[in-house]
Amino acid sequence: MSDCRIALANLPVAETPEASVESAVEAIAEAGRRGVQIICFPECYIPGYRWQSDTLPPPSLPFLENAWDRVGAAAKSAGVLVILGTERLTEHGLQITARVYNPDGSTQGWQDKGQLDPSEEAHYPAFGSERRVFTAGDVTFGIVICHEGWRYPETVRWAARRGAQIVFHPFAHVAEPGSYRPETFAHPDNTFHEKAMLCRAAENNCWFASVNSASDGAPATSAIARPDGTLLSYQPYGQAGLLIADLDLNLATLQLAERCRTSPM
């Protein structure tokens with residue numbers, strides 16, 4: 001297998017937790033109709049990311065379990081592997097995670113966020129301590145969540161050194177009041193984030209697929225970087241929809257990741 005069709009769910013921030021589930025289920029169905037093999041959602045898309053001035057209701061395990069079941073059913077109906085940005089309650093507290101559903105609706109596993117931005121710790125006191133790679137047929141992929149991919153590039157290299165041709169990067173980033181609003185991908189006046197997407201791909205010779213929610217003035221948008229560090233495609237700023245692309249996996253040589261003589265991970 002040399003090609004893999006992926007979709008990045010560049011969807012608006014849902015107004016309610018229930019709306020986030022409905023939107024996710026609709027996006028999965030659309031992905032299935034368009035022949036997508038893997039769809040990835042933004043960080044904590046269900047029930048929503050807990051911003052500093054958050055109005056989301058308190059975490060609810062019954063809500064999450066119902067939402068997860070509905071997403072699994074949607075994955076099975078569409079025949080699509082789903083990477084769902086979500087949260088979960090653990091004995092250590094609330095944490096950010098990604099749940100991976102196989103195309104038959106079963107759960108392949110979880111990737112918990114291990115590196116949090118200091119501003120997140122009040123909302124999400126728990127964090128993951130293990131990393132893993134996942135598979136979709138002949139495709140091997142990894143997941144790094146938001147801050148991990150921006151500030152800890154070794155998390156991407158960890159996955160690439162274990163055979164990940166694609167590393168998915170769900171994140172959450174909205175505009176701050178009065179902030180600069182980008183118009184061109186990776187423009188010199190933009191924040192460093194979009195340049196980092198290109199670097200993560202080039203450093204490891206892997207595909208890097210980064211997905212944000214659609215919001216007005218977001219500092220960074222969803223994009224896919226080729227294994228040589230060039231841009232394949234990006235979602236127009238603030239425009240909701242699925243960013244779909246066919247990736248040539250033969251381009252993911254992983255050469256630079258594999259040549260790393262020493263690694264902290």
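Which residue in β10 is the bridge partner of S210? That partner is A223, and the paragraphs below work outwards from this pairing to the sheets, the loops and the pockets. The model is a predicted one, in which local features need pLDDT of at least 70 and side-chain atom pairs count only at pLDDT 80 or more, while totals for chains, interfaces and linings use all residues. Residues are numbered from 1 along each chain as its sequence is written, and side-chain values use heavy atoms, with hydrogens and water left out.

Strand β9 (residues 207–211) and strand β10 (residues 223–225) run antiparallel and are joined by three bridges. Strands are DSSP runs of E with at least two residues, helices are runs of H or I with at least four, and both are numbered from the N terminus; two strands are said to pair if DSSP finds at least two bridges between them. Strands of a sheet pair through backbone hydrogen bonds, either parallel or antiparallel. Both β9 and β10 belong to an open sheet of six strands, which has the order β6-β7-β8-β9-β10-β11 and mixed pairing. At its edges stand β6 and β11 (231–234), each with a single partner strand, so one side of each is left without a neighbour in the sheet. From one strand to the next, the twist of this sheet averages 20°, where axes are lines fitted to C-alpha atoms, for helices over the stretch in contact, and angles run from 0 to 180 degrees between N-to-C directions.

Another open sheet of six strands, also with mixed pairing, follows the order β5-β4-β3-β2-β1-β12. Its edge strands, β5 and β12 (241–248), each pair on one side only, and neighbouring strands are turned by 30° against each other on average, with direction ignored. Within this sheet, strand β4 (residues 93–101) pairs with β5 in the antiparallel sense over five bridges. Along this pairing A98 stands opposite Q111 in β5, and R99 stands opposite W110 in β5. The hairpin of β4 and β5 has five residues between the strands, and there G105 takes a positive phi near 90°. Helix α2 (residues 61–78) lies across β3, β4 and β5 and runs at about 170° to β3, contact being counted for heavy atoms within 4.5 Å.

The loop between β2 and α2 deserves a slower look. C44 lies in this loop, and its phi is near 50°, a positive value in a residue other than glycine. P47 has its place in the loop as well, and the peptide bond leading to P47 from I46 is cis, with omega near 5°. Y49 of this loop pairs with an aromatic residue elsewhere in the chain, and a pair of aromatic rings is described by the distance of the centres and the angle of the planes. A search of the whole structure finds 10 aromatic pairs, among them the tilted pair of Y49 and Y124, at 5.8 Å centre to centre and with 50° between the planes. This pair links distant parts of the chain, 75 residues apart, since Y124 sits in the loop between β5 and β6 (134–136). Rings of Phe, Tyr and Trp (its six-membered ring) pair if their centres lie within 6.5 Å, and planes under 30 degrees apart count as stacked, over 60 as edge-to-face and the rest as tilted.Y49 also leads to the largest pocket, which has a volume of about 890 Å³ and is lined by 42 residues, with Y49, W51, A172, H173 and V174 nearest its centre. A pocket is an open set of points on a 1 Å grid over the protein atoms alone, where a 1.4 Å probe fits, with protein on both sides within 12 Å along at least five of seven lines, and lining residues have an atom within 4 Å of a point. Grid points are joined across faces, edges and corners, and a volume is the space filled by probe spheres set on the points. The second largest pocket holds about 180 Å³, and the largest share of its lining, three residues, comes from β5.
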